[in-house]
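Here is a friendly walk through one chain, from its overall layout down to a few side chains. Have a look at the model first, and then read on.

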Amino acid sequence: MIVEKILRPAYTILVADLKKFEPGDILEGFGRRGAHVWKLQGELDLELEVESFISTTYGEYVYVLRFKGTTYLARSTEKITGKDWNPNSYLARDENGLKRFLLRELSLKSKLLLEIPSAAIWIAISFGIINRIKENPIGSFLLIFLGLFFNDIAKALEYLILGYCKA
């Protein structure tokens, strides 16, 4: 059961920076493909707006579309891609993970709160490796390669604990 949830996440989130495009054509294309497009108003609390988006739309593909000055959310049952844009892809385990991710992506305060602990851990590891290079260069070299392996383990833990991770 747990392995199935890891291998088959409930949501795939695509974050696209489309500042060089006009929103009209792209949003119209999303609508034609059956996606529900939601413009963030900013009038309500951001958490309420994200909860409203999640509860009123359906589909396993969620899009964060960033244009100049505006951000749109879209949700679809099929993957929608464009020719000239390469979105970043993320996996979300459930609705709570999707909500956490969208809040992190849309709010600078939430993003900082979620990024500070991992940055502190990597700074401590880097500082330890730098100090060990003088004493044991081969051990330090091995630690760097183990760090790449631990990065994948950290992604899996992030997926299990937070409910989302980078694909």
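The chain's secondary structure amounts to six helices and six strands, where helices (H or I, at least four residues) and strands (E, at least two) are DSSP runs numbered from the N terminus. Read from the N terminus, the order of the elements is α-β-α-β-α-β-β-β-α-α-α-β. This is a predicted model, in which local features need pLDDT of at least 70 and side-chain atom pairs count only at pLDDT 80 or more, while totals for chains, interfaces and linings use all residues. Residues are numbered from 1 along each chain as its sequence is written, and side-chain values use heavy atoms, with hydrogens and water left out.

**The chain as a whole**

The C-alpha trace spans about 60 × 40 × 35 Å along its principal axes. The accessible surface is about 11,000 Å², and carbon and sulfur atoms hold 59% of that; such areas come from the Shrake-Rupley method with a 1.4 Å probe, and for residues only the protein chains shown count as cover. Of the 167 residues, 31% count as buried. Buried means under 20% relative accessible area, exposed over 50%, and partly exposed in between (1.4 Å probe, protein chains only). Among contacts (heavy atoms within 4.5 Å) between residues at least 6 apart in sequence, 70% join residues at least 24 apart.

**Two helices with a buried face**

In helix H2 (residues 23-32), the buried residues are Ile 26, Leu 27, Gly 29 and Phe 30. They sit on the same side of H2, because they cover an arc of only 155° around its axis; the arc is that of the directions from the helix axis to the C-beta atoms. Asp 25 and Arg 32 are exposed on the face turned away from that buried side. The cover over the buried residues of H2 includes S2, S3 and S4. After H2 comes Gly 34, with a positive phi near 95°.

Helix H3 (residues 46-56) buries Glu 49, Val 50, Phe 53 and Ile 54. These buried residues fall within an arc of 135° seen down the axis, so they line one face of H3. Their packing partners are strand S2 (36-39), strand S3 (61-66), strand S4 (71-76) and helix H4 (95-106).

**Three side chains to inspect**

How much of each of these residues is accessible? The table gives the values.

| Residue | Helix | Relative accessible area | Class |
|---|---|---|---|
| Glu 105 | H4 | 10% | buried |
| Lys 99 | H4 | 19% | buried |
| Leu 143 | H6 (residues 137-162) | 37% | partly exposed |

Setting aside residues up to four places away in sequence, Glu 105 touches Val 15, Val 64 and Arg 66. With neighbours within four places likewise left out, Lys 99 is in contact with Glu 47, Val 50, Glu 51 and Ile 54. For Leu 143, the C-alpha atom is separated by 7.3 Å from that of Ile 129, 14 residues apart along the chain.

**The second largest pocket**

What volume does the second largest pocket have? The value is about 220 Å³. On a 1 Å grid over the protein atoms alone, a pocket is an open set of points where a 1.4 Å probe fits, with protein on both sides within 12 Å along at least five of seven lines, and lining residues have an atom within 4 Å of a point. Grid points are joined across faces, edges and corners, and the volume is the space filled by probe spheres set on the points. The lining has 13 residues, with Ile 26, Thr 81, Gly 82, Lys 83 and Trp 85 nearest the centre. By type, the lining residues are five nonpolar, three polar and five charged; Ala, Val, Leu, Ile, Met, Phe, Trp, Tyr, Cys and Pro count as nonpolar, Asp, Glu, Lys and Arg as charged, and the others, Gly among them, as polar.
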